[in-house]
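Please examine the sequence and the three-dimensional view shown below. The report that follows describes selected strands, a helix and a surface patch.

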Amino acid sequence: MSDGFLAPVGLGEVESALYLHLLSAPRSTAAQLAVRDGSTAARLRPALGRLADAGLITRLTGSPVRYVASPPEAAVGSLASRRERELDELRAHVRSLALRLQGEGAGHPSELVELVEGREAQLNRVEQMQLGSEEEMQVIDCPPYFSSPTFNPIEFELLRRGISCRVIYDSVSLEGRMPFVQDCIDAGEQARSLPAVRMKMLIADRRAAMIPLNFEATESMAALFVHPSPLLTALVTCFDLLWERATPLAVDKKGAAGALAPADQELLSMLAAGMKDATITRALGITQRTMTRRVAHLLEALDAKTRFQAGLQAAKRGWL
């Protein structure tokens, strides 16, 4: 038997095994396949029918009936695309249903805010918000975290789908996370930072938000899920104002190329994030003396006397 590799397109282990057998032994009959599978032809015919309906195999005319596997890349790719279209249709139907229910429930103050208790429930709700987004995710990233601070594969999926992801990072929380954050930026995330921004929030399409019940807690035991309401409008406005104040995290490597070495580009990104010297030296694995020398090089390259001026010059040149 196979490992059921066709499960993502709705077919089981039996179908997966039969398809692999037919790839290696084309023009086989049901009886020949049954011998290889340790089954009977009668038991395999329904599975062969499902494979044929999916376009993965073809029945040849003649007696006895023989089967040929379709080329894997084209056949499985077509089936996967069909399943993706079906899932998109399901998402659209669910969104329409959600909007209708949202409209029916509007105006009831008791239903504008939900209390989400427990780590598992919070994680599920966060994943639902991300996967259901159509246009934009707005995030203020700081403790307490709803999920892992260095692992969020759903964001990369959203970025591949063209969903905008704007994230404001608390500069203190960036320690030890820069490689992960840089991967997100390279994938298309728009990242900025602010010193000590203690207002964790997640906003999906400006239609729903989630915030911790307590911003000062070190662990998120409960959160508030906010439906369309004046409170949601206030949270969105707050994010937009903080975004305008925040400093871009990414260094435009194309613009900085030729003027800065890759290591200095990374250092400039950390300085722009507002990270402290001790945090930067630990993150880069360098001494304070080395950092001082490299900062001096940055100041010279940017024709600046202070770090603040360096930041202004980097932004003016389009490096940030």
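Which residues form a nonpolar patch on the surface? The patch consists of Phe5, Leu20 and Leu23, with about 240 Å² of accessible area together. The model is predicted: local features need pLDDT of at least 70, side-chain atom pairs count only at pLDDT 80 or more, and totals for chains, interfaces and linings use all residues. Residues are numbered from 1 along each chain as its sequence is written, and side-chain values use heavy atoms, with hydrogens and water left out.

Leu20 belongs to helix H1 (residues 13-24). At 39% relative accessibility, Leu20 counts as partly exposed (buried is under 20% relative accessible area, exposed over 50%, and partly exposed in between, with a 1.4 Å probe and protein chains only).

An open antiparallel sheet has three strands in the order S1-S3-S2. Strands S1 (28-29) and S2 (57-60) stand at the edges with a single partner strand each, so one side of each lacks a neighbour in the sheet. Helix H1 packs on this sheet and touches S1, S2 and S3 (contact means heavy atoms within 4.5 Å).

Strand S10 (residues 222-226) is largely enclosed by the rest of the structure, because four of its five residues are buried. The table lists antiparallel pairings; two strands pair if DSSP finds at least two bridges between them.

| Strands | Bridges | One bridge pair |
|---|---|---|
| S4 (residues 113-117) and S10 | five bridges | Val116 and Ala223 |
| S9 (residues 208-212) and S10 | four bridges | Pro212 and Ala223 |
| S2 and S3 (residues 66-69) | four bridges | Thr58 and Val68 |

Notes:
Helices (H or I, at least four residues) and strands (E, at least two) are DSSP runs, numbered from the N terminus. Patches are made of residues with over 30% relative accessible area and no salt bridge: like charges are joined within 9 Å, nonpolar side chains (Val, Leu, Ile, Met, Phe, Trp, Tyr) within 5 Å. Accessible areas come from the Shrake-Rupley method with a 1.4 Å probe; for residues, only the protein chains shown count as cover. A salt bridge is a side-chain nitrogen of Lys or Arg within 4 Å of a carboxyl oxygen of Asp or Glu. Axes are lines fitted to C-alpha atoms, for helices over the stretch in contact, and angles run from 0 to 180 degrees between N-to-C directions.
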